[in-house]
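Colleague: I would like a close look at a single part of this chain, with the neighbouring parts brought in where they help. Please take the time to connect the details to one another.

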Amino acid sequence: MVPFHSYRAVRDGANPELYRSNFMNAALFFPAGLLGTALLPRKWYGWCRCLTVTLLFCAVSAGIEYLQYRYALGLCEIDDVIHNTAGALAGGLAAVLMPPVLDKARKVIQAVFRTEK
């Protein structure tokens, strides 16, 4: 239960496949953060939706790791909780930040096509 144990293990000569495992843990929760943030009410501030979803999926990930520990279903690692939470946060941030960017891009494209006519 040591945070970032996998990085120390790779540094000390363990299997570098642990990097892929860490990335996959983050990638696994990215869509959950994206969808969860998009499903919450729009009247909430974007950052509030992102924080809520991140905390929710942190709790879900911790629950999964607890079940793995309690019933000896797999390896219980705090790194998994950290990377799953980071993935949910990245998905939530993408859901919050992308609509304004897409709206600006849409306005620029519309302005370009209006001037060409």
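Colleague: How many residues does H3 have, and how far does H3 reach from its first C-alpha to its last?

Modeller: This is a predicted model, and what follows should be read with that in mind. H3 has 25 residues and reaches 36 Å from its first C-alpha to its last, which is close to the 36 Å expected at 1.5 Å a residue.

The residues of H3 that are buried are Gly46, Arg49, Cys50, Val53, Thr54, Phe57, Ser61 and Glu65. As general background, an α-helix has 3.6 residues a turn, so residues three or four places apart point the same way. Cys58 also belongs to helix H3, but Cys58 counts as partly exposed because its relative accessibility is 26%, where buried would mean under 20%. Leaving aside residues up to four places away in sequence, Cys58 touches Val81 and Thr85. In the other direction along the chain, Cys58 and Pro41 are 17 residues apart in sequence and 20 Å apart in space, C-alpha to C-alpha.

Another contact of H3 is best described from helix H4, where Leu93 lies. Leu93 touches Trp47 and Cys50, again not counting residues up to four places away in sequence, and Cys50 is one of the buried residues of H3. Leu93 itself counts as partly exposed, at 29% relative accessibility. Leu93 and Leu35 are 58 residues apart in sequence, yet 11 Å apart in space, C-alpha to C-alpha.

Just after H3, the backbone deserves a careful look, since Ala72 takes a positive phi of about 50° there. In general, most residues other than glycine have a negative phi. Ala72 is not a glycine, and its place is in the loop between H3 and H4. With a relative accessible area of 66%, Ala72 is exposed. Tyr71 is found in the loop between helix H3 (46–70) and helix H4 (78–116), and Tyr71 also counts as exposed, because its relative accessibility is 52%, while the cut-off for exposed is over 50%. Tyr71 takes part in a nonpolar surface patch of about 630 Å², which is made by Tyr66, Leu67, Tyr69, Tyr71 and Leu73.

A positive phi is also found at Phe4, where the value is about 60° although Phe4 is not a glycine. Phe4 sits in the segment before helix H1 (5–11), and Phe4 is partly exposed, with a relative accessible area of 39%.

Helix H2 (residues 17–39) can be set beside H3: H2 has 23 residues and reaches 34 Å from its first C-alpha to its last, close to the 33 Å expected at 1.5 Å a residue. Within H2, a kink of about 25° lies at Phe29, shortly before the proline Pro31. Phe29 is one of the buried residues of H2, and the others are Asn22, Asn25, Gly33, Gly36 and Thr37.

To finish, there are the charged pairs, and the structure holds three salt bridges. In general terms, side chains of opposite charge can pair when their charged atoms come close. In H2, the side chains of Glu17 and Arg20 meet in a salt bridge, at 2.3 Å from N to O, and these two residues are three residues apart in that helix, about one turn. Glu17 is partly exposed, with a relative accessible area of 38%, and Arg20 is partly exposed as well, at 48%. In H4, Asp103 and Arg106 are separated by about one helical turn because they are three residues apart, and their side chains meet in a salt bridge of 2.9 Å, N to O. Asp103 is partly exposed, with a relative accessible area of 38%, and Arg106 counts as partly exposed at 47%. The salt bridge between Asp12 and Arg11 has its closest N and O atoms 3.6 Å apart. Asp12 counts as exposed at 60% relative accessibility, and Arg11 counts as exposed at 62%.

How values were computed: Residues are numbered from 1 along each chain as its sequence is written. This is a predicted model: local features need pLDDT of at least 70, side-chain atom pairs count only at pLDDT 80 or more; totals for chains, interfaces and linings use all residues. Side-chain values use heavy atoms; hydrogens and water are left out. Patches are made of residues with over 30% relative accessible area and no salt bridge: like charges are joined within 9 Å, nonpolar side chains (Val, Leu, Ile, Met, Phe, Trp, Tyr) within 5 Å. Accessible areas come from the Shrake-Rupley method with a 1.4 Å probe; for residues, only the protein chains shown count as cover. A salt bridge is a side-chain nitrogen of Lys or Arg within 4 Å of a carboxyl oxygen of Asp or Glu. Helices (H or I, at least four residues) and strands (E, at least two) are DSSP runs, numbered from the N terminus. Buried means under 20% relative accessible area, exposed over 50%, partly exposed in between (1.4 Å probe, protein chains only). The expected span of a helix is 1.5 Å times one less than its number of residues. The bend at a residue is the angle between axes fitted to the seven residues ending there and the seven starting there. Contact means heavy atoms within 4.5 Å.
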